[in-house]
Amino acid sequence: MAVDFRPELMRKDIVYCMRSECPLASSCLRYLSYKHSEGFSTHSFVDPRTPLTGRGCKQYVSNEVQRMARGFKSAMGLVQHRSIAQLRAHICYELDWGRSHFYRYASGEYLLTLEQQKQVTEIFAEFGVAPKDGVFDSYEESYEVSY
């Protein structure tokens, strides 16, 4: 399904793809980012020599806009002080984050995907924290581009 590309929602650089002949190009964030980019001297690209399969491309990234969450510091303030380290360790284990990634997500430097939001919310609930306004500090629309 082709969705209009919204360049203002791009929060970070992405590896471009120049393959206009790809059957998924009209909904691929890599191709659409390349197509709408300004001139540049150097950039990273998907190797155009890689053969396309009947099912599409291994490098495909959907251009569907997601409701991403930013930060969960306010919810951290609701956790009992003696449980903070245990909560942090549990989140890091479940989401396969290191300590520095945890702090980047908690502070809102990194956006949380829908799946990450679900996992973090469940972990906070295990620790007895379920604020009526939600666990996250804010929400915004963005493309899902992993860090």
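**Close-up 1. Phe-124, a buried ring in helix H5.** A residue counts as buried when its relative accessible area is under 20%. Phe-124 has a relative accessible area of 0%, so this residue is buried. The model shown here and in the views that follow is a predicted one.

**Close-up 2. Phe-72 meets Phe-102 edge-to-face.** Let's start with the wider setting: searching the whole structure turns up eleven aromatic pairs. In this one, the ring centres of Phe-72 and Phe-102 are 5.7 Å apart and the planes stand at 70°, so the pair is edge-to-face. Phe-72 belongs to the loop between strand E1 (65-70) and helix H2 (73-76), while Phe-102 belongs to helix H4 (residues 99-107), so the contact ties together parts that are 30 residues apart in sequence. Both partners are tucked away from the surface: Phe-72 is buried at 0% relative accessibility, and Phe-102 is buried with a relative accessible area of 1%.

**Close-up 3. Phe-72 also pairs with Phe-124.** Here the centres of the two rings are 5.8 Å apart and their planes lie at 75°, so this pair is edge-to-face as well. Phe-72 sits in the loop between E1 and H2, and Phe-124 in helix H5 (residues 114-126), so the pair ties together parts that are 52 residues apart in sequence.

**Close-up 4. An aromatic cluster and a charge over a ring.** Take a step back from the pairs and you will find Phe-72, Phe-102, Tyr-103, Phe-124, Phe-136 and Tyr-139 joined in one aromatic cluster. Tyr-139 has a further neighbour to look for: the charged end of Arg-67 sits over its ring, 3.7 Å from the ring centre.

**Close-up 5. An open sheet of three strands.** The strands follow the order E2-E1-E3, and their pairing is antiparallel. Strand E2 (111-112) and strand E3 (138-143) stand at the edges with a single partner strand each, so one side of each has no neighbour in the sheet. Follow E1 and E3 along their antiparallel course and you will meet six bridges joining them. Met-68 offers a handy landmark, standing opposite Glu-140 in E3.

**Close-up 6. Confidence along the chain.** How high is the mean pLDDT of the protein chain? The mean is 87, and 93% of the residues reach 70 or more. Among the elements, helix H3 (residues 84-95) has the highest mean pLDDT, 96, and helix H1 (residues 29-35) the lowest, 89. A friendly reminder for any close-up: where pLDDT is low, the predicted coordinates should not be read in detail.

Key
Residues numbered from 1 in each chain as written. Predicted model: local features only at pLDDT ≥ 70, side-chain atom pairs only at ≥ 80, totals over all residues. Heavy atoms only, no water. Phe/Tyr/Trp six-rings, centres within 6.5 Å; stacked < 30°, edge-to-face > 60°. Helix = DSSP H or I, 4+ residues; strand = E, 2+ residues; numbered from the N terminus. Buried < 20%, exposed > 50% of the residue type's maximum accessible area, 1.4 Å probe, protein only. Lys NZ or Arg CZ within 6 Å of the ring centre and 35° of its normal. pLDDT = per-residue confidence, 0-100. Pairing = 2+ DSSP bridges.
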